[in-house]
Amino acid sequence: MAIIGSIVMLPTEAPAAEFVVYSVYRELDLGNPGENPQRDYYVNMGTSQGIRTGSKLEVYRRQSTFDLVNEKLYKDLTFPVARIKVIHAEENAAVARLESILPASTAPALSPRSVMVGDLVRPAR
């Protein structure tokens, strides 16, 4: 009688969840002088992750870099872009508004210089 089996190795540590801006809503611009339409940023992070109204989140952009010498992708860089403030939070989602964009002198060249869908978010320290 032979015993056939296998061993399955499971990771000892679960990968950290990635939280992102999943939608951007902009008020309709009616062209009224002095009126600045608001932008709302929807993130997949909420009260289950400790986020509350008034919480501040740091926004990061992941960008792939290309090695021109060897003509291949080199690595992904992640750098800060902005800070947003939560105006509404639910269990697994929140709505935030822009608090500040990092100055051009301290951040890599961005295009566009704004928060985008797909940007990473983390609680501000």
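Here are a few worked exercises on this predicted model. Residues are numbered from 1 along each chain as its sequence is written, and side-chain values use heavy atoms, with hydrogens and water left out. Because the model is predicted, local features need pLDDT of at least 70 and side-chain atom pairs count only at pLDDT 80 or more, while totals for chains, interfaces and linings use all residues.

**Exercise 1: the overall fold**

Task: work out how many helices and strands the protein chain has, and in what pattern they come.

Step 1. Get the rule straight: helices (H or I, at least four residues) and strands (E, at least two) are DSSP runs, numbered from the N terminus.

Step 2. Count them up: you'll find 0 helices and 6 strands. Along the sequence, that reads β-β-β-β-β-β.

Step 3. Now look at burial. Of the 125 residues in the chain, 26% are buried (buried means under 20% relative accessible area, exposed over 50%, partly exposed in between, with a 1.4 Å probe and protein chains only).

Step 4. Check the contacts (heavy atoms within 4.5 Å). Take those between residues at least 6 apart in sequence: 58% of them join residues at least 24 apart.

**Exercise 2: pairing around β4**

Task: find which strands pair with β4, and in what sense.

Step 1. Two strands pair if DSSP finds at least two bridges between them.

Step 2. Start with β3 (56–67): β3 and β4 (72–89) are antiparallel, with 12 bridges. One spot to look at is S64, which stands opposite D76 in β4.

Step 3. Go on to β5: β4 and β5 are antiparallel too, over 7 bridges. Here H88 has V95 as its bridge partner in β5, and R83 has S100. These two strands form a hairpin with 4 residues between them.

Step 4. Don't stop at V95's first partner: Y42 also stands opposite V95. That fits with β2 and β5, which run antiparallel and are joined by 3 bridges.

**Exercise 3: an unusual residue in a loop**

Task: describe the phi angle of E71 and say whether E71 is buried or exposed.

Step 1. Place E71: it sits in the loop between β3 and β4, whose hairpin has 4 residues between the strands.

Step 2. Read phi: near 50 degrees for E71, a positive value in a residue other than glycine.

Step 3. Check the surface: E71 has a relative accessible area of 63%, so E71 is exposed.

**Exercise 4: the largest pocket**

Task: find which residues line the largest pocket, and which strand gives the most to the lining.

Step 1. Know the term. On a 1 Å grid over the protein atoms alone, a pocket is an open set of points where a 1.4 Å probe fits, with protein on both sides within 12 Å along at least five of seven lines; lining residues have an atom within 4 Å of a point.

Step 2. List the lining: R26, N36, P37, Q38, R39, Y41, R97, L98, I101, R113, S114 and V115.

Step 3. Match residues to elements: β2 (39–43) and β5 (94–101) each give two or more. β5 gives the most, with 3 residues.
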